[in-house]
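Notebook open, coffee ready. Today I'm looking up what sits around the ligands here.

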Amino acid sequence: MFQLPRVMGHRGAAGDAPENTLVSLRTAAEQGARWVEFDVMLSGDGVPVLFHDDSLKRTTGRDALMADTPLASLRKLEAGAWFAPKFAGEPIPTLEDALSFLLSSGISPNVEIKPSKGKAAATGRAVAEVMARCWPLERAPALICSFYKEGLAAAQRIAPQVPRAFLMRRPARDWRQTAKKLECSTIHVGGRWLSARVAQEIKQAGYGSAVFTVNDPKRARLLLARGVDCIITDAPGKIAAALD
Ligand code: G3P
Ligand code: MG
């Protein structure tokens, strides 16, 4: 079975640093996380970058869509000040920037394909191309994950060697068929919705399991007791300390 860590940072360490930035990845590493999840979208000119929302507004202040904004314009924005003044000036990283930082820190990436409308396959393709080129799996494991079947299918075609995770907020009835077809290694479910029964079914079917996004230590303990392998959290340091 695929080896997931017990605790994984969410969007880096989104509780303590601006999500999906290099400083957030660094903060997760400083808190002891060995794996981080982050979201990847395509810029208007097709470059995979770390970002969560369709709109740039919430984290950069710019009233425009990611899908309409080329990388050169994204480079003029900053995505840190909204979180706290001390992070002002923090740029939107490309996927390549993030992987090179993680590789040098010995941290594994869980790269979420987060498409703008209608771009699931294109985003999956671009993520898989960069992963195949920039991530040496023999040095450290990695995952590509998505809620979007077309995104995972594109990744499966382009970089079948990079393990895949199927995401579901609530367990879907047909998760087994999907996971089988897309040859997934792990299944990640919303922590609020994962019952003991489904946790056991996932385990018995031979998949690793993770839950997102769990920031309450009590809930984390309960989910681990149900047989979940990995807690994806905004506060990897705090959750790991509470579980020890
Ligand atoms: O990895 C799963 C989790 O990140 C999905 O939710 O919206 O935070 O990307 P979201
Ligand atoms: Mg995500």
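Metal first. I checked what holds the magnesium ion (ligand 2), and I found Glu37 (OE), Asp39 (OD) and Glu112 (OE) coordinating it at 2.0 to 2.1 Å. I should jot down that this is a predicted model.

Next I looked at how these donors are spaced along the chain, and the pattern reads E-x1-D-x72-E. Glu37 belongs to strand β2 (residues 35-42) and Glu112 to strand β4 (residues 108-113), so this pair ties together parts that are 75 residues apart in sequence.

Then I moved on to ligand 1. Which residues surround ligand 1? I listed His10, Arg11, Glu37, Asp39, His52, Glu112, Lys114, Phe147, Leu167, Arg169 and Phe212. Sorting that shell by class, I got six charged, three nonpolar and two polar residues.

I also went through some polar distances to oxygen atoms of ligand 1. For His10, a polar side-chain atom is 2.8 Å from one such oxygen. For Asp39, a side-chain N or O atom comes in at 3.0 Å, and for Arg169 the value is 3.3 Å. On its own, ligand 1 has 300 Å² of accessible area, and the protein covers 96% of that.

Last lookup: where does ligand 1 sit? Its space is the largest pocket.

Note to self: Asp39 turns up twice, as a magnesium donor and in the shell of ligand 1.

Technical notes
Residues are numbered from 1 along each chain as its sequence is written. Chains are lettered from A and ligands numbered from 1 in the order in which they are written. This is a predicted model: local features need pLDDT of at least 70, side-chain atom pairs count only at pLDDT 80 or more; totals for chains, interfaces and linings use all residues. Side-chain values use heavy atoms; hydrogens and water are left out. A residue is near a molecule or strand if one of its heavy atoms lies within 4 Å of it. A polar contact is a pair of N or O atoms within 3.5 Å; within protein, one must be able to donate a hydrogen and the other to accept it, and residues adjacent in sequence count only if both atoms are side-chain atoms. Accessible areas come from the Shrake-Rupley method with a 1.4 Å probe; for residues, only the protein chains shown count as cover. On a 1 Å grid over the protein atoms alone, a cavity is a set of points where a 1.4 Å probe fits but cannot get out, and a pocket is an open set with protein on both sides within 12 Å along at least five of seven lines; lining residues have an atom within 4 Å of a point. A molecule sits in a cavity or pocket if more than half of its atoms lie within 2 Å of its grid points. Ala, Val, Leu, Ile, Met, Phe, Trp, Tyr, Cys and Pro count as nonpolar, Asp, Glu, Lys and Arg as charged, and the others, Gly among them, as polar. Donors are N, O and S atoms within 2.8 Å of the metal (3.2 Å for Na, K and Ca); water is not among the atoms, so sites may look incomplete. Helices (H or I, at least four residues) and strands (E, at least two) are DSSP runs, numbered from the N terminus.
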